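Hi,

Here is the structure I promised to pass on. Have a look at it first, and my notes on what turned up are below.

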Amino acid sequence: LGYSLRDWSVRVILRRIEGEQRRIYKSWAVQAHPDQIDEELWAKRGVDILNIPLDVYINALQSHLQSFL
């Protein structure tokens, strides 16, 4: 949380972690009001953007997880 793909060092770290392996699971980023550059950078990595505020996402996730208890 709190890092942007605009930061080249984050992209380098992700590239190193991912290597040549393709993900077999769906990935997403939570980012309210992404601009076109953010959308393009995430799309290149196959990541969907959830265009919602982080607190809304956290509350929804917490409610969903509590339904399993």
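**The salt-bridge network**

Arg6, Asp35 and Asp38 are tied together in a network of salt bridges. Before you go further, keep in mind that this is a predicted model.

Taking the network one pair at a time, Asp35 and Arg6 meet through their side chains at 2.1 Å, N to O. That pair brings together distant parts of the chain: Asp35 sits in the loop between strand 1 and helix 2, Arg6 in the segment before helix 1 (8-18), and 29 residues separate them. You may want to look at that 2.1 Å N to O value yourself.

The other pair is Asp38 with Arg6, a salt bridge of 3.3 Å, N to O. Here too distant parts of the chain are linked, with Asp38 in helix 2 and Arg6 in the segment before helix 1, 32 residues apart.

How accessible are the members of the network? Asp38 counts as buried because its relative accessibility is 7%, and the cut-off for buried is under 20%. Asp35, at 32%, counts as partly exposed. Arg6 is also partly exposed, with a relative accessible area of 42%.

**More on Asp38**

Asp38 belongs to helix 2, which covers residues 36-44. Besides the salt bridge to Arg6, the Asp38 side chain makes a polar contact with the side chain of Gln31, at 2.9 Å. Leaving out residues up to four places away in sequence, what does Asp38 touch? The list is Ser4, Arg6, Gln31 and Ile49.

**The third salt bridge**

Searching the whole structure gives three salt bridges. Apart from the two described above, there is one between the side chains of Asp48 and Lys26, at 3.2 Å, N to O. This pair also connects distant parts of the chain: Asp48 is in strand 2 and Lys26 in the loop between helix 1 and strand 1, 22 residues apart. Asp48 counts as partly exposed at 39% relative accessibility, while Lys26 counts as exposed at 52%.

**The strands**

Strand 1 (27-30) and strand 2 (residues 47-50) run parallel and are joined by four bridges. Within that pairing, Ala29 stands opposite Ile49 of strand 2. Ile49 has come up already, as one of the residues that Asp38 touches.

Which side chains of strand 1 are buried, and which are not? Ser27 and Ala29 point to one face and are buried. Trp28 and Val30 point to the other face and are not buried. As background, side chains in a regular strand alternate between the two faces of the sheet.

**His33, after strand 1**

His33 is in the loop between strand 1 and helix 2, the loop that also holds Asp35. With a relative accessibility of 70%, His33 counts as exposed. The backbone is worth a look as well: His33 has a positive phi of about 55 degrees, although it is not a glycine. For context, most residues other than glycine have a negative phi. One distance to go with this: His33 and Gln21 are 12 residues apart along the chain, and their C-alpha atoms are separated by 30 Å.

**Trp8 and the nonpolar patch**

Trp8 is in helix 1 and is exposed, with a relative accessible area of 60%. The C-alpha atoms of Trp8 and Ile37 are 13 Å apart, with the two positions 29 residues apart along the chain.

Where is the nonpolar surface patch, and which residues make it? Leu61, Leu65 and Phe68 do, and the patch comes to about 320 Å². Phe68 lies in the segment after helix 3 (54-66). Phe68 is exposed, because its relative accessible area is 62% and exposed means over 50%.

That's what I have. If you open only one spot, I'd go for Arg6 with its two partners, Asp35 and Asp38.

Cheers

How values were computed
Residues are numbered from 1 along each chain as its sequence is written. This is a predicted model: local features need pLDDT of at least 70, side-chain atom pairs count only at pLDDT 80 or more; totals for chains, interfaces and linings use all residues. Side-chain values use heavy atoms; hydrogens and water are left out. Helices (H or I, at least four residues) and strands (E, at least two) are DSSP runs, numbered from the N terminus. Buried means under 20% relative accessible area, exposed over 50%, partly exposed in between (1.4 Å probe, protein chains only). A polar contact is a pair of N or O atoms within 3.5 Å; within protein, one must be able to donate a hydrogen and the other to accept it, and residues adjacent in sequence count only if both atoms are side-chain atoms. Contact means heavy atoms within 4.5 Å. Patches are made of residues with over 30% relative accessible area and no salt bridge: like charges are joined within 9 Å, nonpolar side chains (Val, Leu, Ile, Met, Phe, Trp, Tyr) within 5 Å. Accessible areas come from the Shrake-Rupley method with a 1.4 Å probe; for residues, only the protein chains shown count as cover. A salt bridge is a side-chain nitrogen of Lys or Arg within 4 Å of a carboxyl oxygen of Asp or Glu. Two strands pair if DSSP finds at least two bridges between them.
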